[in-house]
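Welcome! Keep the sequence and the 3D view side by side, and try each task before you read its solution.

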Amino acid sequence: MSKISTTYMGLELKNPIIVGSSPLTSTLEGLKKCEDAGAGAVVVKSIFEEQIDQDSAKMIKESSEYLTHADGAAFVEEVSRNYYIDNYLTLIEKATDALDIPVIASVNCRSLGSWTDYVDRFSNIGADALEINQYILPSDMADDSARIESEYLQLVSAVREKTSLPLSLKLGNSFSSFAHMIKRFDDMNVDGFVMFNRFYQPDIDIAKLSLKPSVNFSNPDDYGLALQWTALLSAYLEADICASNGVHDGEALIKLLLSGAKAVQVVTAILKGGLSVIGEMNSTLEKWMDEKGFDSFVDFRGKLAHKRLDNPAVWERSQYMKSLNVEF
Ligand SMILES: Cc1cc2nc3c(=O)[nH]c(=O)nc-3n(C[C@H](O)[C@H](O)[C@H](O)COP(=O)(O)O)c2cc1C
């Protein structure tokens, strides 16, 4: 056990850096490179609920001339769904065989769709944990927050019932009462919260006057939201917090551990700076621990969390008062 080893959702990690779900983790080769670079764990690139549904609809369309009987369409739908899910499960299975570090499967979904019928298969093929990235864009004016929240809760409850694997939720913070929702998920025996997801946002091409895809990389200052919420919640939850979104260097990692995170997820910093970022972050952490005389995370993790401070209200400030004295 090294001085920077940690546990996350009951999994043993040799260090707190998890490579998040992304192109870095979409192939066996990529996953192996993450391990070789020193990652503590990996989250495999997600399988997408809508992709499963779209691809099976496409396969049905392509076979429509042969599908003269309604049962035929149902059969093709089932086969095509299985085809895409099987491919994903094969990748997870190969990764768990080839890697010594924990391999976390990831499902990207909106609702309690048919994909939940397949949840038990993740444990059969040896995944170490399952991360659910559920997001409902609340853009329908007819939907009130209670209805949307109940959709999240139903899904988590259904998935929890179907698997005993360590289960994490990768969340955004745009619930009206985020702390209340987290508590409700925590009461459902979720094992981890990944805070926060970073959402894809379309962009506009002003030359062509049309929409264009965009890659929404984080910036090194973006970890602040995860820092605040990790500090506010970590000491009050059963589940572990894995901080994410804008973790670019060892200093951010240390701050997130001080606020109570068990681990962090990193994507943009590696996509931009290469896999050596993992080693650099870990050595900044080890050097800092040496300087402070800390032998393990027990000595300092969560030391600056809301619950541990004499004046915790500082974590509750969200409006500026007087933090800058500048002249214009
Ligand atoms: C190109 C790209 C692809 C991503 N694909 C996924 C994905 O399939 N599933 C997922 O849960 N998150 C995905 N993410 C989000 C990342 O896992 C991560 O949550 C986000 O980038 C914030 O972390 P960072 O600040 O370290 O980049 C993707 C991010 C990027 C940049």
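Here are four exercises with worked solutions on this predicted model.

**Exercise 1. Describe the shell around the ligand: which residues come nearest, and which classes are present?**

Step 1. Start with the ligand, which has 23 residues around it. Gly20, Ser46, Ser218, Val267 and Thr268 come nearest.

Step 2. Next, look for elements that give two or more residues to this shell: they are strand S6 (103-109) and helix H9 (268-273).

Step 3. Finally, sort the shell by class. There are 13 polar residues, seven nonpolar ones and three charged ones.

**Exercise 2. Place strand S9 (residues 192-195) among its partners, and work out which way its side chains point.**

Step 1. Take strand S8 (residues 167-171) to begin with. S8 and S9 run parallel and are joined by four bridges. Across this pairing, Val194 in S9 has Lys170 opposite.

Step 2. Now follow the chain from S8 to S9. The path goes through helix H6 (residues 178-187), and the resulting β-α-β crossover is right-handed.

Step 3. Turn to strand S12 (residues 240-244), which also pairs with S9 in the parallel sense, over four bridges. Here Phe193 has Ile241 in S12 as its bridge partner.

Step 4. Look at the directions along S9. Gly192 and Val194 point one way, Phe193 and Met195 point the other way, and all are buried.

**Exercise 3. Find the buried and exposed sides of helix H5 (residues 145-162).**

Step 1. Check the length. H5 has 18 residues and reaches 26 Å from its first C-alpha to its last, close to the 26 Å expected at 1.5 Å a residue.

Step 2. Pick out the buried residues of H5: Tyr152, Leu155, Val156 and Val159. Viewed down the axis of H5, its buried residues fall within an arc of 95 degrees, so they line one face of the helix.

Step 3. Look at the face turned away from that buried side. The exposed residues Ala146, Arg147, Ser150, Gln154 and Glu161 are found there.

**Exercise 4. Repeat the analysis for helix H10 (residues 276-292).**

Step 1. With 17 residues, H10 reaches 25 Å from its first C-alpha to its last, close to the 24 Å expected at 1.5 Å a residue.

Step 2. Val277, Ile278, Met281, Asn282 and Leu285 are buried in H10. These residues cover an arc of only 135 degrees around the axis, which puts them on the same side of H10.

Step 3. On the other side of H10, you will find Ser276, Lys287, Asp290 and Glu291 exposed.

Definitions and conventions. Residues are numbered from 1 along each chain as its sequence is written. This is a predicted model: local features need pLDDT of at least 70, side-chain atom pairs count only at pLDDT 80 or more; totals for chains, interfaces and linings use all residues. A residue is near a molecule or strand if its C-beta atom, placed from the backbone, lies within 6 Å of it. Ala, Val, Leu, Ile, Met, Phe, Trp, Tyr, Cys and Pro count as nonpolar, Asp, Glu, Lys and Arg as charged, and the others, Gly among them, as polar. A residue is buried if 20 or more other C-beta atoms lie within 10 Å of its own, exposed if 12 or fewer, and partly exposed in between; C-beta atoms are placed from the backbone. Two strands pair if DSSP finds at least two bridges between them. A crossover is right-handed if, with the strands pointing away from the viewer, the path from the first strand over the helix to the second runs clockwise. The expected span of a helix is 1.5 Å times one less than its number of residues. The arc is that of the directions from the helix axis to the C-beta atoms.
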